[in-house]
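The exercises below ask you to read a structural model step by step, each with a worked solution. Try each task on the displayed structure before reading on.

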Amino acid sequence: MATALSRLSHRSLRQTFLLSFSRRLHEGPDTIDELLDRHLVKKDPKTRDDDEESLRRSLTSTRREALSLYRDVLRASRFFTWPDARGVPWGEVLRENARKEFEDARFETDPEVVTKLLIGGREAVQDALDKLAAAAKKLADQEAEERSKGRR
């Protein structure tokens with residue numbers, strides 16, 4: 001057998017394989033419908049597993065996104081250390097407000113509303129951090145300017 005295979009060239013071996021494969025594919029007793037019926041899993045029209053499964057997957061992914069957003073809010077709140085008018089640090093105020101917002105939206109099931117809330121939350125966190133960075137840069141520039149004036 002090995003000597004017979006070694007005598008065949010790569011081209012003839014390939015042609016033999018393609019011929020046998022095409023014969024089995026096209027001359028078999030199965031039609032495409034029969035193949036699909038035999039190899040695909042049948043879905044019972046009474047059960048809505050696909051809908052339930054896709055809903056479960058989407059809820060899991062949005063839950064993951066919501067938890068990620070909540071963690072980002074908590075991380076970002078660490079940077080807000082100065083007190084508000086009542087003397088409470090802004091970080092605590094932000095954490096309390098975020099907790100309240102997330103609790104209010106906890107049982108929301110409409111995907112559009114959930115998506116809007118997540119996008120709005122991401123934008124709010126990013127805007128707050130951008131404003132904080134701009135204020136910190138402005139403050140650093142003012143301090144550098146004051147130091148340079150003092151040296152002159």
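**Exercise 1.** Describe the order of secondary-structure elements along the protein chain, and state how many helices and strands there are.

*Solution.* Read along the sequence, the chain of this predicted model follows the pattern α-α-α-α-α-α. The count agrees with that reading, with six helices and zero strands.

**Exercise 2.** Determine which element has the lowest mean pLDDT and which the highest, and decide how residues 17-25 should be treated.

*Solution.* Begin with the whole chain, where the average pLDDT is 77 and 64% of the residues score at least 70. Next, go through the elements: helix 2 (residues 10-26) has the lowest mean, 48, whereas helix 5 has the highest, 94. Over residues 17-25 the pLDDT stays under 50, and the model has two contacts for this stretch beyond four places in sequence. Where pLDDT is low, predicted coordinates should not be read in detail.

**Exercise 3.** Identify the residues of the largest nonpolar core and the helix that gives the most to this core.

*Solution.* The core has eight residues, namely Leu 69, Tyr 70, Val 73, Ala 76, Ala 98, Val 114, Leu 118 and Val 125. Two elements, helix 4 (49-77) and helix 6 (111-151), each give two or more residues to this core, and helix 4 gives the most, with four. To follow one member outward, take Leu 69, which touches Phe 102, Leu 118, Gly 121, Arg 122 and Val 125 when residues up to four places away in sequence are not counted. For the chain as a whole, 10% of the 152 residues count as buried.

**Exercise 4.** Classify Gly 91 and Trp 90 as buried, partly exposed or exposed, and place each residue in its surroundings.

*Solution.* Both assignments start from helix 5 (residues 90-104), where Trp 90 has its place and where Gly 91 is also found. Gly 91 counts as buried because its relative accessibility is 2%, which lies under the 20% cut-off. Its contacts, apart from residues up to four places away in sequence, are with Ser 77 and Phe 80, and its C-alpha is 9.6 Å from that of Arg 75, a residue 16 positions away in sequence. Trp 90, in turn, counts as partly exposed because its relative accessibility is 33%. Together with Trp 82 and Leu 94, Trp 90 makes a nonpolar surface patch of about 270 Å². For the surface of the whole chain, the accessible area comes to about 13500 Å², of which 56% belongs to carbon and sulfur atoms.

Note on methods:
Residues numbered from 1 in each chain as written. Predicted model: local features only at pLDDT ≥ 70, side-chain atom pairs only at ≥ 80, totals over all residues. Heavy atoms only, no water. Patch = residues over 30% accessible without salt bridge, like charges linked within 9 Å, V, L, I, M, F, W, Y side chains within 5 Å. Areas by Shrake-Rupley, 256 points an atom, 1.4 Å probe, with all protein chains shown as cover. Salt bridge = Lys/Arg side-chain N within 4 Å of Asp/Glu carboxyl O. Buried < 20%, exposed > 50% of the residue type's maximum accessible area, 1.4 Å probe, protein only. pLDDT = per-residue confidence, 0-100. Contact = heavy atoms within 4.5 Å. Core = buried A, V, L, I, M, F, W, Y, C linked by side-chain atoms within 4.5 Å.
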